[in-house]
Amino acid sequence: MSMKRYFSVVENGVDPQGQKELRKLTLHINGEWKESASSSYRDCFNPSTGAVIAQIPQCTIAEMDEAVASAKAAFAAWAATPVGNRTQVLFRMKALIDKHLNELTELLCLEQGKTIPESKGDILKAQEVIEFACGMPHLMKGESIMNVSSGYDTVQYREPLGVFLGLVPWNFPTMIPHGWMIPICIAAGNTFVLKAASNAPQSAMRMLELWTEAGLPKGVINLITANPKDVDHLIAHPDIVGVSFVGSSSIGLEVYKKAGAAGKRVQVLGEAKNHALVLSDCKLDRTASGIINAFCGCAGERCMALPTLVVEEKIADALLEVLVRKAKDLKLGLAHKEATTLGPLVNAKHKESVEACIAKGISEGAKLVLDGRNPELPAECQDGFFVGPTIFDHVTEKMSVGREEIFGPVLCIKRVKSFEEGLTIMNNSLFANGSVIYTQNGWAAREFAHRTHGGMVGINVGIPVPMCVFGFTGHKRSFFGDLHVMGTDGVRFYTELKNVTSTWFVEDGGIVDTWDGMLGKK
């Protein structure tokens, strides 16, 4: 059954402090919102209150095939649309985000739990890539050489490939699908099937409504929600030419193997355990403020969070004192309220996972300096999924709490005696997304930038996520693939090269050698 919007209202008054209505969500296939034929639905929550605010379908295999077929049918006409016309849709989408920014921000707060500045940033980072992709007429330009061989010219073009699949997590429900993936993909002339995040799907759906309003033809973007166990069907689908995945490294590696074995392009962004080396010459108070933001921002639910410090022993006690003081100043509460500076975790299961990691850290012998379990909360948040700032000191390399991703507001401090010892510990990590140094020493900063394994390096920058023109360059087990998201790598991922060589005859006849003129020297 076709619907006018991405949801229908099931019940009112379910979440007085938040969305207020229970919504039954739909799929978007071939330009229409339609109720799924599936009998299997799962609940989505307002993380601040614990209230159920949406029911999300686990679509059928037939609906997956329908979404892919719609994208395939739309590809030829969309790819043939002049690139300047395609980017006009992106220009209009940018304007619509400006118009609806407050509404989009509140929706993201309510369904994912980010605070207002964090949610607004999630949306603006998506808009940033849309603006970048508006330059596709320049980004897709090829190369050429006239008279590359005597009488022969070669022109190299970039062309779209077909239907891409996006598999996205819940922690950045707008930025990742509608920033990292969709803008470059469709501006280049491809079409897209998005499997939206099951825990926070509404932001992606509302953005798709705006893409339609911006004039995007039907079938260019299709959206489904599905049981993760059924996603292998999409990965193996013969009409999918490429897969972009963001999530855990273990699942991502399986996606990488399966998609690669099926001959598809694939990029996989996985987990992280980012470290910061804090040297004794750092500006202590400013450094502590950066660290608080980096490990507690977005409740620690980001792969560029800063959950681990490697601190020179001589300043460790002083830094710890400032960190505890600043962490205690954070205000927990409803994510969509201005006063809140630390929001909830996404759901009860994830809250239990973070609390289990804290308990494991204690059992492993780490010193728990600040315990964020069972924090004081406003009355309206008593059933929410909150964990407060948590700080461990004297964490060693043998402790899993200091090696494995926790994805919550938990900080682990490892004490070291020197720059070299600290850098060695950091480079021993299996992951290499972000890597940070806090120092006022130019030599140390330069040496660190050169020798660290991290793909995104911060010098006195706690969250060194580059602007989208540079791309998101994780290394080691934080990334599987050859081409990263965004930047020039993103353009390369969503296009393929074609070389066209030509010559023109003045007279008929003559001899054609083995290389047909394409041997540059004789």
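The paragraphs below lead through several parts of this predicted model, from a sheet and two buried residues to a helix pair and a helix with its surroundings.

A convenient place to begin is the open sheet, in which four strands are arranged in the order β2-β3-β7-β6 with mixed pairing. Its edges are formed by β2 (7-12) and β6 (41-45), each of which pairs on one side only, and from one strand to the next the twist averages 25°. Within this sheet, β3 (residues 21-25) and β7 (residues 52-57) run parallel and are joined by two bridges, and K24 has Q55 in β7 as its bridge partner.

Residue Q202, which lies in helix α6 (residues 202-213), has contacts that lead back to these strands. Leaving aside neighbours within four places in sequence, Q202 is in contact with Y6, Q19, R23, L25, I53, A54, L107 and E111. Two of these contacts have a polar component between side chains: the side chain of Q202 makes a polar contact of 3.1 Å with that of Y6, and another, of 3.0 Å, joins the side chains of Q202 and Q19. With a relative accessible area of 1%, Q202 falls under the 20% cut-off and therefore counts as buried.

A second buried residue is H28, found in strand β4 (residues 27-29). The relative accessible area of H28 is 3%, which is why this residue, too, is classed as buried. Apart from neighbours within four places in sequence, H28 is in contact with W33, L208, T212, I221, N222 and L223. The C-alpha atoms of H28 and F7 are separated by 11 Å, the two residues being 21 residues apart along the chain.

The next element to consider is a helix pair. Two packed helices are described by the angle between their axes and the distance between the axes. For α2 (residues 83-112) and α3 (residues 116-133), the axes come within 9 Å and cross at roughly 175°. Because that angle is over 145 degrees, α2 is roughly antiparallel to α3. Where the two helices meet, the residues on the α2 side include L90, M93, I97, L101, L104 and L108, and those on the α3 side include I116, I123, L124, Q127 and I130. Residues such as K94, D98 and N102 in α2, and K120, D122 and E131 in α3, are also among those that meet.

The last region centres on helix α13 (residues 442-451), in which A444, A445 and F448 are buried. These three cover an arc of only 100° around the axis, and so they are on the same side of α13. On the other side of the helix, G442, W443, R446 and H450 are exposed. At the N-terminal end, α13 is capped by N441, a side-chain oxygen of which lies 2.9 Å from the backbone nitrogen of W443.

What covers the buried residues of α13 includes β15 (275-278), α12 (419-427), β21 (434-438) and β22 (456-459). Two of these covering elements, β21 and β22, pair in the parallel sense over four bridges, with V436 standing opposite G458 in β22. In a regular strand the side chains alternate between the two faces of the sheet. Along β22 this alternation separates M456 and G458, which point to one face and are buried, from V457 and I459, which point to the other and are not.

Technical notes
Residues numbered from 1 in each chain as written. Predicted model: local features only at pLDDT ≥ 70, side-chain atom pairs only at ≥ 80, totals over all residues. Heavy atoms only, no water. Buried < 20%, exposed > 50% of the residue type's maximum accessible area, 1.4 Å probe, protein only. Arc of directions from axis to C-beta. Contact = heavy atoms within 4.5 Å. Polar contact = N/O pair within 3.5 Å; in protein donor to acceptor, adjacent residues only side chain to side chain. Pairing = 2+ DSSP bridges. Axes fitted to C-alpha atoms, helices over the stretch in contact; angles between N-to-C directions. Parallel < 35°, antiparallel > 145°, perpendicular 65-115°, else oblique.
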